[in-house]
Amino acid sequence: MRKLFLFLLLTTIFAHKAVAEYNDHRGHNVDSLETVMARWTAKDLADAGEEELMHVAGDLDELMNGFNQTNGVKSEYYARILLDMSKRFGWLSKQQAAAKNIGQHFWAKEKYDSAAFYYGIAMQAVESMSSSSEDSGHEYTQENIDDALSQMYGTLGNLYSMMDSISVAMDYYEKAGELFRKYDWHNSCSVLYYNMGETMRMDGQLHPAEKYYLESLDYSLLAADSLAIATAYKGLGSLYLDMHKTSKAMRYLNEANLYFADHEDEELQYRMESLDYTSQVLALQKKRMGMIMVLLALSLALMAVSSLVLRKLRDTRQTLADTTREKEEITEVLENTVESMASSARSVDIHLKPREKEVLDLLAKGYTNAQIAEAMCLSPETIKWYKKKLFAMFDASNSAELVKIVNDQGII
């Protein structure tokens, strides 16, 4: 695709004046013109004067360009005749055009060394224009020279781009751009910067590519060229697709598709490219949406599991706290009991605590556990515990026995 694109550029981009003046003979006039040219024999050409040969050179130029995309063999054939004739008479502009055309055909066949050889001949012809005042009666102006130079800079840029010498290619493109800007050739600038964007994008340098695509769009808007505008949109769409910026890619591709849909017969290739990029963007967006849904589901599941784990941890902490508190209470009771029993064993005198004595007093009065609990503002369980403690202290088996013992000992 890249090779095809650059080949088309070779025939359109770097010929500001030639594109405007070129008369397309494909399909009708070119055939009749070829018939006329066939009448010229080698002897006729050798005997003809320079002025007459100038008309022949014009016909050869038209045949060379007319067959350029429809019949490469014929185009190169007429270009070689024109090159020999222009060398003979020093027609520099024709020499440049013919040599460049031959180089194009070698370039298309990926014979880059041969292409570079003929491009070199074309460049020499252009450089010689500066020291030549006229060519077959045509005076060279600086604009003529700059126009020819811009063609060659762009052509050499395309050549080195295909040879993967990207830095060299970009240097030539920049030189062509300087000349285009000098004369405000906005349309040529638009196509040039689009080509530079394509070169950078295909080389994986996406941020420089973005800069060139945007410049292409700016110049196409200045030129008010709807095709160039749509092409710049297509380039930006493909770039943002590579950058995975699908929203921006879709916005530019939609703009491009609107134009190409209305010019399908003229721009079928570009329309197919634009639709292909659009399909890729939609596929990427669908894939992303699927990934988002999966991540969302995983996030919800993780939140649910986390909630359960946190609840379990809270319950476990509460259970541990309750267990710890119960253990502390039991430990305290046991310690007090052991201490009391030890004291009882060491001495006959039993020292009752105020609450213990209060329980004994109420037991002696015949209070039940519930009544004692109510009187002392304690729970019945606590009263039971106190009674068990007192039973142990006085070695009694029931309340009556306990009351009798303490009465005997004069404790109450």
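Lys387, Leu390, Phe391 and Phe394 of helix α18 come up against Ser399, Leu402, Ile405 and Val406 of helix α19. Sorted by class, the residues where α18 touches α19 are six nonpolar, one polar and one charged. Keep in mind, as you turn the structure around, that this is a predicted model.

Now look at how these two helices lie. Two packed helices can be described by the angle between their axes and the distance between those axes. Here α18 spans residues 380-394 and α19 spans residues 399-408, and they pack at an angle of about 55° with their axes 10 Å apart. That angle makes α18 oblique to α19. The crossing of this pair is left-handed.

Let's move to another pair, earlier in the numbering. Helix α5 covers residues 50-66 and helix α6 covers residues 72-89; their axes are 9 Å apart, and the packing angle is about 150°. Angles over 145 degrees count as roughly antiparallel, so α5 and α6 are roughly antiparallel to each other. The crossing of α5 with α6 is left-handed.

Which residues make this contact? From α5 come Glu50, Leu53, Val56, Ala57, Leu60, Asp61, Leu63 and Met64. From α6 come Ser75, Tyr78, Ala79, Ile81, Leu82, Met85, Arg88 and Phe89. How do the residues of the contact of α5 with α6 divide? There are 12 nonpolar residues, one polar and three charged.

Technical notes
Residues are numbered from 1 along each chain as its sequence is written. This is a predicted model: local features need pLDDT of at least 70, side-chain atom pairs count only at pLDDT 80 or more; totals for chains, interfaces and linings use all residues. Side-chain values use heavy atoms; hydrogens and water are left out. Axes are lines fitted to C-alpha atoms, for helices over the stretch in contact, and angles run from 0 to 180 degrees between N-to-C directions. Helices (H or I, at least four residues) and strands (E, at least two) are DSSP runs, numbered from the N terminus. Angles under 35 degrees count as roughly parallel, over 145 as roughly antiparallel, 65 to 115 as roughly perpendicular and the rest as oblique. A crossing is left-handed if the near helix is turned anticlockwise from the far one by less than a right angle, and right-handed if clockwise. Contact means heavy atoms within 4.5 Å. Ala, Val, Leu, Ile, Met, Phe, Trp, Tyr, Cys and Pro count as nonpolar, Asp, Glu, Lys and Arg as charged, and the others, Gly among them, as polar.
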